[in-house]
Amino acid sequence: QVQFVESGGGLVQPGGSLRLSCAASGFTFSTYGMTWYRQAPGKERELVAAIGSTGGYTKYADSVKGRFIISRNNVEKTIYLQMNSLKLEDTAVYYCNGGFWLGRGIFDYWGQGTQVTVSS
């Protein structure tokens, strides 16, 4: 069965950095694009960054372009999100799912996410 385990979140000051991880299982990871999403309190889930199955293609939301970097390790079945120059508005729960830049994600299953809080 499909599973996603997100980790790496925490409390950080504005301008700080975090590296998120999403460990996937239950599907042929290396054949799927993957996407990071986030959901802030009272807001809908939004797309953050996506990466193609081999890592050759990436796409970012305008709000994070130039600050976040998505990457993947197909051997470890994990994607990463390096978040730099964090802003207050980056505060959200971050999730991952299969598919490249899909609004809903390919899989019905969603992990618990990892909380990122940017605060001074």
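Tutor: Rings of Phe, Tyr and Trp (its six-membered ring) pair if their centres lie within 6.5 Å; planes under 30 degrees apart count as stacked, over 60 as edge-to-face and the rest as tilted. By this rule the count comes to 9 aromatic pairs. The model is predicted: local features need pLDDT of at least 70, side-chain atom pairs count only at pLDDT 80 or more, and totals for chains, interfaces and linings use all residues. Residues are numbered from 1 along each chain as its sequence is written, and side-chain values use heavy atoms, with hydrogens and water left out.

Student: What makes Phe4 and Phe107 an aromatic pair, and why is it called tilted?

Tutor: The centres of Phe4 and Phe107 are 6.0 Å apart, and the limit is 6.5 Å. Their planes meet at 55 degrees; because this is neither under 30 nor over 60, the pair is tilted.

Student: Why is Phe27 called buried or exposed?

Tutor: Buried means under 20% relative accessible area, exposed over 50%, partly exposed in between (1.4 Å probe, protein chains only). Phe27 has 11% relative accessibility, so it counts as buried. Phe29, at 2%, is therefore buried as well.

Student: How do you know that Arg72 sits over the ring of Phe29?

Tutor: A charge sits over a ring if NZ of Lys or CZ of Arg is within 6 Å of the ring centre and within 35 degrees of the ring normal. The charged end of Arg72 is 4.4 Å from the centre of the Phe29 ring, and sits over it.

Student: Which residues do ring pairs link into a cluster?

Tutor: The cluster consists of Phe4, Phe27, Phe29, Tyr32, Phe107 and Tyr109.
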